[in-house]
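Work through the exercises below with the structure open beside the text. Each task is followed by a solution in steps.

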Amino acid sequence: MSNKSRNFWIEAVVLVLLVAAGAAAFTISSLAPLNKDDLKIQAGDLRAFAAAGRLLAIQFSRGETTETFYRNQTELIEDKASAAESSLRDAKTKPELRQQLAEITFLAHQLSGTLDEMHHGSNAAAAAAAGELDSLTHQLSTQEDRLK
Amino acid sequence: MKSFLEIFLGILTAMGGFVEIGELVFSVNAGVKFRYNLLWIEVLGTVGIIVFSEMSGRVAAVTGQPVFSLIRQRDGYGAGLLTLIAANAVSLLTCVAEIGGLALLLKLLFGGNYFVLAIIALVGLLAAVWFLSFQAIERIFGMLGLCLLVFVGAALYLGPSWSEAANGLIPNIPQVETKQDYWLYAYFAVALMSSIMLPYEVYFYASGAIEDGWNASMINANRMIILVGFPLGSLLAVALMFCGASYFNPQMVEPQLPGTAALAPAAAFGKWGLSLAIVGMFFAFGGAAIENALTGAYNLAQFLGWNWGKYRTPKDAPRFHLAWILMFVVAAVTVMTGVDPVEVVEYSIIFAVVILPLTYLPVLLAASDEDYMGPFKNGWLAAILGWAYFVLICIAALAAIPLLIITHGGKG
Amino acid sequence: MSEHHLDMVRQVLDRQVVDVNHIYCGKVDNIVIDLEGKPRITGILIGNGPASDRLPEFARWLSRKLFGQRRTKIPWEEILVIKDVVKLASEAKTYGIDERQGWAFDLVSKFPGAWKK
């Protein structure tokens, strides 16, 4: 093989190996069961969604935002919460964490539900939703702390 | 000598254009997670971007050459090509994030389908860049971005803790709950600094200098605009951090949507505060989208030797104009795949810091080169600061990816 | 052209090429050296073909596949002067390197207002 053509193949193979390694690492990390840290992050994200929803509801009921803003921001947060809930439903984890995974998934479901009610509910319902979200925020925060 | 008005407008434009979606999200969340402890990074990053923007502006004014021409001349074709691909990839991702951000803001203002709004944003951006002059674009987007000053008002209204803030100005390592939080702190430090010193700023600034027809006589005006405008602009980012620390942190909110961040001015000033915040974000994100699309086109044209510039008509610089149009279109198509703009910008900021040394070294070397710059080459202050920051950037570049992995993508 | 010393790498290679009207025509992507008899520089090359020649093997192949192999040789006699840029003696279209004669120009001309700044 000439020098040129040998270099070509060396470079091509190295490139393919790098890409394959990257793809493998990515796939492995996505398919791996959730460990303690991953679960803590999920709980933390959900807690942040709940808190954001709660703050939104409180401020809307105080007249600090427009209705359009309220409804659409709720929808955006709800999309994120639902996505998190779906990914939790599909998730696997070690036996000792299964109970907590179930609890967090349940809270995620409640969160999506409350946000959905907020999105389609009346303006007056915002204050009540804030209360529910407050409770969810604290429950999720407790879950998060247990995993630290 | 430029008129006082020109300089004043330049300062306002630099100020209003300082913040984009990445800086917004990282500044607020840095405030939420670490309160005022990362304030020193805002200062560090602002000084850094001042140093390198001044250098790149000076090089462009004196040599008449933009950064990428110099990169090709000094680094050669191969290394230059690598820098081009990396820089344009980051600019493209940033453009994706800004367009996504615009779609989110449009949704908050008018409701509607996110994807339809992204198309509307795309069309608006294309029209703005096609029909407006460079100066008009810069002025309009820069100055309307100043609506973000409402965050400064909100930060003051919400009662910051000044003593904590003062402590945060000194480089420190905060008290944290778990060991993992130390890594998260380091990650935020690197990401926040990168969000202030994004490569496109330097490329765009130099190309903008040539668009504006600067020559060596503009050097002092350049310095004044940067030394006043950029620190004032960083106040906007600082205000965001303050809001994170004093308002969102106690409520356990970690804003991952621009709308959530806008709740702070809403709390302080009601619906007017909210509207100003959204309008400010709109023009800040829009301006950044435009700057990144143009930067991609500038880089490509300057590397390959095409005619370039908004000061040239599309017929005189066809490839350049098609290039920025393509940047916008590809970015918008990527937004249509439903990626989360905030996640995109978080990753692009980390990759930006990895390639930052590639960007800044040629600028530093060119600005120090007597053959190019004559009497305008780096003085002792620019040289010391330039090299010190270069070392800092290299450290950050090496640490970025490991930190991203250790902190599980910046979540902890 | 003056007789003094010219550093091909630092002053010619990768420099901007402009035509007699100062329109940009690409960069000096490579240099032609005639090796018959006494080695002489006979011209400069512009285009992705000669530029790709400077890349490592795999990158060269990829670059050619993606962006073509166009190659324009400008004889050394056509170079008017070399200062910060390499200035040619005639208009860009004489050499076939005028952007305004390609498909980019045709496409862009179709958009409204393309003649305005």
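The exercises concern a predicted model and go from one chain to helix packing, the core and the chain contacts.

**Exercise 1. Describe the make-up of chain C: how many helices and strands does it have, and in what order do they run?**

Step 1. Chain C has 5 helices and 7 strands.
Step 2. Read from the N terminus, its elements follow the order α-β-β-β-β-α-α-β-β-β-α-α.
Step 3. Along the principal axes, the C-alpha atoms of chain C fill a box of roughly 55 × 40 × 20 Å.
Step 4. Chain C has 117 residues, and 26% of these count as buried.
Step 5. Take the contacts in chain C between residues at least 6 apart in sequence: 40% of them join residues at least 24 apart.

**Exercise 2. State the domain assignment of chain A and find how far apart the domain centres are.**

Step 1. The assignment gives domain 1 as residues 1-32 and domain 2 as residues 34-146.
Step 2. Taken over C-alpha atoms, the centres of domain 1 of chain A and domain 2 of chain A are separated by 41 Å.

**Exercise 3. Is A:Lys94 buried or exposed?**

Step 1. Locate the residue: A:Lys94 is in the loop between helix H3 (67-89) and helix H4 (98-120) of chain A.
Step 2. Count its surroundings: 12 other C-beta atoms lie within 10 Å of A:Lys94.
Step 3. Apply the cut-off: a residue counts as exposed if that number is 12 or fewer, so A:Lys94 is exposed.
Step 4. For a distance along the same chain, take A:Ala124, which is 30 residues from A:Lys94 in sequence; the two C-alpha atoms are 43 Å apart.

**Exercise 4. Determine how helix H5 and helix H14 of chain B are oriented to each other.**

Step 1. Two packed helices are described by the angle between their axes and the distance between the axes.
Step 2. For H5 (residues 114-131) and H14 (residues 318-336) of chain B, the angle is about 170° and the axes are 10 Å apart.
Step 3. Angles over 145 degrees count as roughly antiparallel, so H5(B) is roughly antiparallel to H14(B).
Step 4. Identify the residues: H5(B) contributes B:Phe115, B:Ala118, B:Ile119, B:Leu122, B:Leu125, B:Leu126 and B:Val129, while H14(B) contributes B:Trp324, B:Ile325, B:Phe328, B:Ala332, B:Val335 and B:Met336.
Step 5. Sort them by class: 13 are nonpolar, with no polar and no charged residues in this contact.

**Exercise 5. Which residues touch the most other members of the largest nonpolar core?**

Step 1. The core holds 208 residues, and those touching the most other members are A:Leu46, B:Ile99, B:Phe151, B:Phe188 and B:Cys243.
Step 2. H13(B) gives the largest share of this core, 25 residues.
Step 3. Take B:Ile99 from the list. Setting aside neighbours within four places in sequence, its contacts are B:Ala118, B:Ala121, B:Leu122, B:Ala289, B:Ala331, B:Ala332 and B:Val335.

**Exercise 6. Describe the side of chain B that touches chain A, then the side of chain C that touches chain B.**

Step 1. Chain B gives 26 residues and chain A 25 residues to their contact.
Step 2. On chain B, helices H4 (67-110), H12 (258-261) and H13 (263-304) each supply at least two of these residues, and the largest share, 6 residues, is from H13(B).
Step 3. This side of chain B has 12 nonpolar, 9 polar and 5 charged residues.
Step 4. The contact of chain C with chain B takes 25 residues from chain C and 21 residues from chain B.
Step 5. On chain C, H5(C) provides the largest share, 5 residues.
Step 6. By class, this side of chain C has 13 nonpolar, 4 polar and 8 charged residues.

Notes: Residues numbered from 1 in each chain as written. Chains lettered and ligands numbered in written order. Predicted model: local features only at pLDDT ≥ 70, side-chain atom pairs only at ≥ 80, totals over all residues. Contact = placed C-beta atoms within 7 Å. Helix = DSSP H or I, 4+ residues; strand = E, 2+ residues; numbered from the N terminus. Nonpolar A, V, L, I, M, F, W, Y, C, P; charged D, E, K, R; others polar. Buried ≥ 20, exposed ≤ 12 C-beta atoms within 10 Å, placed from the backbone. Domains from an automatic or database assignment. Core = buried A, V, L, I, M, F, W, Y, C linked by C-beta atoms within 7 Å. Axes fitted to C-alpha atoms, helices over the stretch in contact; angles between N-to-C directions. Parallel < 35°, antiparallel > 145°, perpendicular 65-115°, else oblique.
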